Amino acid sequence: MNFYIVDDDRLFSQKLKKDIKSYFNNTDDLNITILNESFEKILDVKVIDVIFLDIDLNTSYTGLNLAQYVQRNFPTAILIFISNHEEFVFSALSYNIFQFIRKSNYDNDLNTVLSQLKQHLLENNKKIIIQQNGRKTSIQMNDIKFIMVIGHDLFLKTINNDYTIVSSLKKFMEQINNINFIQIQKNVVINFNYAKEVKTTKVILVDNQEFNVGRIYKQNLIKQYEEFLLK
């Protein structure tokens, strides 16, 4: 898991990092990176799972600017705003944030947020084991952008890699059992986390790849997408 703390307050950042490590002390693969300056370095990051972002950075790169970048390029990243100014909570509501930590109420807010975050990660960051060319690989379900049937195989497009496995679409969907995935054609399933635009006739992903929606899938698509947005 790749956590980022982006805040120009060095002392606060170190305390937050220490508290996160203490709370997630049983997580072996936890990496926490702090950015206190040169915030443009976030543009070079390849994977963000969780980001704690100061909404009022004292720099030309505001927290809101960086939040827009993160949400555009890392659709599954969990965004948590932090601030000294409680009134910024209202500005944050226009973003798809997970939570908001008020520095003035740090202890109470942090306990609540970390508890919710841990539960969310347990529920949503499940892994599956696939077999490609006789070799087994573990991948996170949330890394899968879309699934496509090609002949008797399944093509899995993930954030960093492509996989081709021998399986039926029905069997694979039963294996993952995840409501974020929706079938839009006889041979295509997309992950709502990577959908930029969903219409009855087509779906556009964040990388601008487009898929047409089959006639029999239109009604269920819109219904399930509304449920996804409300969860």
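## Overall organisation

Among contacts in the chain between residues at least 6 apart in sequence, 52% connect residues that are at least 24 apart. The model described here is a predicted one. Its secondary structure amounts to 6 helices and 15 strands. The radius of gyration of the chain is 19 Å, close to the 17 Å given by the globule rule for 231 residues, so the chain is as compact as a globular protein of that length.

Measured out along its principal axes, the C-alpha trace covers about 55 × 40 × 30 Å. Of the 231 residues, 43% count as buried. The accessible surface of the chain is about 13,100 Å², and carbon and sulfur atoms account for 45% of that surface. As for charge, the chain carries 27 positive and 26 negative side chains, and the centres of these two sets are 9 Å apart.

## Strand β4 and its parallel partners

Strand β4 comprises residues 78-83, and 6 of its 6 residues are buried. Ile78, Ile80 and Ile82 point one way from the strand, while Leu79, Phe81 and Ser83 point the other way. Both sets are buried.

Strand β4 has parallel pairings with β3 and with β5. Strand β3, residues 50-54, runs parallel to β4 and is joined to it by 5 bridges. Within this pairing, Val50 has Ile78 of β4 as its bridge partner. Strand β5, residues 99-102, also runs parallel to β4, and 4 bridges join the two. Here Phe81 stands opposite Phe100 of β5.

## The β6–β7 hairpin

Strands β6 (residues 127-132) and β7 (residues 135-140) pair in the antiparallel sense over 6 bridges. One of the partnerships links Lys127 with Gln140 in β7. The two strands form a hairpin with 2 residues between them. In the turn, Asn133 has a positive phi of about 55 degrees.

## Strand β12 and its antiparallel partners

Strand β12, residues 188-191, is covered on both faces. Val188 and Ile190 lie on one side, Val189 and Asn191 lie on the other, and all four residues are buried.

Strand β12 pairs with β8 and with β11. Strand β8, residues 144-150, pairs with β12 in the antiparallel sense over 3 bridges. The pairing of β11 with β12 is antiparallel as well, over 4 bridges, and a hairpin joins these two strands through 2 residues. Val189 of β12 has a residue opposite it in each pairing: Ile147 stands opposite Val189, and Gln183 also stands opposite Val189.

## Strand β10 and the loop after it

Ile165 belongs to strand β10. At 6% relative accessibility, Ile165 counts as buried, because the limit for that class is under 20%. Leaving aside neighbours within four places in sequence, Ile165 is in contact with Ile130, Gln131, Asp153, Leu154, Leu156 and Phe172. The C-alpha atoms of Ile165 and Ile32 are separated by 33 Å, and these two residues are 133 apart along the chain.

Ser167 is located in the loop between β10 (162-166) and α5 (169-176). Ser167 counts as buried at 16% relative accessibility. Not counting residues up to four places away in sequence, Ser167 touches His152, Asp153, Leu154 and Phe172. Asp153, Leu154 and Phe172 thus appear among the contacts of both Ile165 and Ser167.

## Asparagines with positive phi, and helix α6

Asn177 is found in the loop between α5 and β11 (181-185). Although Asn177 is not a glycine, its phi is positive, at about 45 degrees. At 68% relative accessibility, Asn177 counts as exposed, because that class begins over 50%. Asn208 lies in the loop between β14 (202-205) and β15 (210-212). Asn208 likewise has a positive phi in a residue other than glycine, with a value near 75 degrees.

Helix α6 takes in residues 218-230, and Gln219 has its place there. Gln219 counts as exposed, at 73% relative accessibility. The C-alpha atoms of Gln219 and Thr76 are separated by 25 Å, with their positions 143 residues apart along the chain counted as the separation.

Methods: Residues are numbered from 1 along each chain as its sequence is written. This is a predicted model: local features need pLDDT of at least 70, side-chain atom pairs count only at pLDDT 80 or more; totals for chains, interfaces and linings use all residues. Side-chain values use heavy atoms; hydrogens and water are left out. The radius of gyration is taken over C-alpha atoms; the globule rule is 2.2 Å times the number of residues to the power 0.38. Buried means under 20% relative accessible area, exposed over 50%, partly exposed in between (1.4 Å probe, protein chains only). Contact means heavy atoms within 4.5 Å. Accessible areas come from the Shrake-Rupley method with a 1.4 Å probe; for residues, only the protein chains shown count as cover. Lys and Arg count as positive and Asp and Glu as negative; His and the chain ends are not counted. The place of a charge is taken as NZ of Lys, CZ of Arg, CG of Asp or CD of Glu. Two strands pair if DSSP finds at least two bridges between them.
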